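This report describes a protein model through its aromatic contacts, charged pairs, domains and strands. Please consult the sequence and the structure shown here while reading.

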Amino acid sequence: MGMSGKIRVGVLFGGRSGEHEVSLASARSIMDAMNPERYEIVPIGITHSGRWVTSERSLEMLRAAVGSKTSAAEIERALEPEALPFPDLSLLAQLDVIFPVLHGPFGEDGTVQGMLELIGVPYVGCGVASSAAGMDKAMTKAILTAHGLPQVRYQVILRSRLDASIAQVVENLEAALPYPMFVKPSNLGSSVGITKAHNREELIAGLWEAARYDRKLIVEEGIDRAREIECSVLGNDTPEASLPGEVIPNREFYDYAAKYLDNASQLLIPAPMSPEQTRQVQEMAVQAFRALDGAGMARVDFLLSREDGRLYVNEVNTIPGFTSISMYPKLWEASGLAYPELIDRLIELALERYADRQRHEATVMSAR
Ligand SMILES: Nc1ncnc2c1ncn2[C@@H]1O[C@H](COP(=O)(O)OP(=O)(O)O)[C@@H](O)[C@H]1O
Ligand SMILES: [Mg+2]
């Protein structure tokens with residue numbers, strides 16, 4: 001703790017992903033809700049191009065995020081004199097705990113977590129392996145399969161296979177899965193690069209589209225008019241699940257526009273489901289969290305078939321949207337844990353996990 005007796009919390013926001021703006025909105029909500037008697041907030045911004053702004057000026061990034069007409073490039077230019085190409089590790093190491101509020105690649109994928117492990121500072125949320133596994137849909141699926149969790153049928157395809165023979169890839173996919181199929185880059189988020197293919201022509205276009213974003217692609221069986229159920233998980237070794245919620249996208253599926261542009265998708269909290277289904281979602285959410293060896297928090301997303309009532313785990317988001325109106329905190333609120341207390345709990349969990357890791361005996365490599 002600093003001289004003030006307050007916990008010094010570094011809040012990391014922005015970042016090099018397509019979800020930069022979402023991150024700014026989440027970080028703003030979090031910082032506004034943190035009890036100033038208890039915490040000293042150290043804002044740390046990462047620009048679109050990955051430069052680090054640790055001065056008070058990082059707050060300009062946040063201000064710019066809300067309804068400003070300043071473009072990302074203008075903000076970047078304005079911050080240029082104070083931005084560093086790399087994080088200031090000695091500054092980060094002085095903090096009591098770091099809250100990475102970074103969605104997507106270079107933040108939610110284990111990279112930042114690895115850096116924080118190296119400098120030995122506690123941080124909120126999942127560790128390196130679970131963050132990386134949660135970001136990579138192919139990895140997530142392999143792990144969830146190993147743990148017997150129900151998922152839609154899928155195939156993993158390397159981009160190099162498309163280059164070699166797209167005709168062969170399409171033939172194999174059509175033999176394995178019915179239309180419509182969902183085509184996704186394995187490592188991304190916010191629906192970028194995801195398309196729904198109703199026929200061969202759309203499948204080919206979708207494969208090339210996803211290949212713009214990753215070398216590894218996922219093709220899935222589409223669940224017709226699937227209900228989208230989400231459940232928040234909180235905890236370390238004894239994780240708990242919130243009440244489930246439901247997203248009603250206002251488009252054919254929950255694509256990028258539905259998530260961030262139209263602002264018209266509806267959240268139902270709690271999701272209208274039978275007590276039995278609710279229990280099933282909660283149980284599977286905790287199982288998925290445990291399967292990935294999660295820590296702190298994650299939002300586990302499901303697809304629920306309207307045809308036969310079957311439930312499939314779709315993905316695990318280790319740094320879910322965190323504005324005060326986002327699903328993750330809203331579900332906790334509905335489950336009896338208010339937004340500011342949720343932040344307190346996450347910080348506590350980060351400190352607990354760090355302390356637990358300090359228990360390990362150091363491995364000493366003795367000279368032979
Ligand atoms: N197999 C599927 N069947 C039906 N809808 C799907 C399927 N996969 C994805 N979707 C739709 O696409 C959206 C985005 O897919 P998702 O896997 O959640 O990617 P992201 O990580 O970008 O959120 C989902 O919220 C859902 O609307
Ligand atoms: Mg999703």
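Rings of Phe, Tyr and Trp are taken as a pair if their centres lie within 6.5 Å; planes over 60 degrees apart count as edge-to-face, planes under 30 degrees apart as stacked, and the rest as tilted. The model discussed here is predicted.

**Aromatic pairs**

A search of the whole structure finds three aromatic pairs. One of them is formed by F99 and F322, whose rings meet edge-to-face, with 5.9 Å from centre to centre and 85° between the planes. F99 belongs to strand β4 (residues 97-100), while F322 sits in the loop between β14 (311-317) and α12 (327-334), so the pair ties together parts that are 223 residues apart in sequence. F99 and F322 are both buried.

F322 also pairs with Y328: the ring centres are 5.7 Å apart and the planes stand at 40°, so this pair is tilted. The relative accessibility of F322 is 1%, and F322 therefore counts as buried. For Y328 the value is 0%, so Y328 counts as buried. Ring pairs join F99, F322, Y328 and Y339 into a cluster.

**Charges over rings**

Which residue lies over the face of F106? R16 does, at 3.8 Å from the ring centre. In another contact, the charged end of K141 sits over the ring of Y154, 5.0 Å from its centre.

**Salt bridges**

A search of the whole structure finds 22 salt bridges. The table lists examples from this group, with the distance between the closest N and O atoms.

| Acidic residue | Basic residue | N to O distance |
|---|---|---|
| E117 | R353 | 4.0 Å |
| E333 | K330 | 3.5 Å |
| D356 | R359 | 3.5 Å |

The salt bridge between E117 and R353 has its closest N and O atoms 4.0 Å apart. This pair links distant parts of the chain, with E117 in helix α5 (residues 111-119) and R353 in helix α13 (residues 339-358), 236 residues apart. E117 has a relative accessibility of 27% and so counts as partly exposed. R353, at 19% relative accessibility, counts as buried, because buried means under 20% relative accessible area.

E333 and K330, whose side chains meet in a salt bridge, are three residues apart in helix α12 and are therefore separated by about one helical turn. E333 is partly exposed, with a relative accessible area of 39%. K330, at 26% relative accessibility, likewise counts as partly exposed.

In the salt bridge of R359 with D356, the closest N and O atoms are 3.5 Å apart. Is R359 buried or exposed? R359 is exposed, with a relative accessible area of 67%. Its partner D356 is partly exposed, with a relative accessible area of 35%. Elsewhere, salt bridges that share partners join R57, E60 and E82 into one network.

**Domains**

The protein is divided into domain 1 (7-124), domain 2 (137-148 + 224-337) and domain 3 (154-221). Taken over C-alpha atoms, the centres of domain 1 and domain 3 are separated by 34 Å.

**Strands and sheets**

Four strands form an open sheet of mixed pairing, in the order β3-β2-β1-β4. The edges are taken by β3 (52-53) and β4, each with a single partner strand, so one side of each is left without a neighbour in the sheet. Strand β4 is also the element that holds F99 of the edge-to-face pair. Within the sheet, strand β1 (residues 7-14) and strand β2 (residues 39-46) run parallel and are joined by eight bridges. V9 has I41 as its bridge partner in β2.

Strand β8 (residues 216-221) is mostly covered, as six of its six residues are buried. How many bridges join strand β5 (residues 154-158) to β8? There are five, and these strands run antiparallel. In this pairing, Y154 stands opposite E220 in β8; Y154 is also the residue whose ring lies under the charged end of K141. Strand β6 (residues 181-185) pairs with β8 in the antiparallel sense as well, over five bridges. Here K184 stands opposite I218 in β8.

Conventions
Residues are numbered from 1 along each chain as its sequence is written. Chains are lettered from A and ligands numbered from 1 in the order in which they are written. This is a predicted model: local features need pLDDT of at least 70, side-chain atom pairs count only at pLDDT 80 or more; totals for chains, interfaces and linings use all residues. Side-chain values use heavy atoms; hydrogens and water are left out. Rings of Phe, Tyr and Trp (its six-membered ring) pair if their centres lie within 6.5 Å; planes under 30 degrees apart count as stacked, over 60 as edge-to-face and the rest as tilted. Helices (H or I, at least four residues) and strands (E, at least two) are DSSP runs, numbered from the N terminus. Buried means under 20% relative accessible area, exposed over 50%, partly exposed in between (1.4 Å probe, protein chains only). A charge sits over a ring if NZ of Lys or CZ of Arg is within 6 Å of the ring centre and within 35 degrees of the ring normal. Domain bounds come from an automatic or database domain assignment. Two strands pair if DSSP finds at least two bridges between them.
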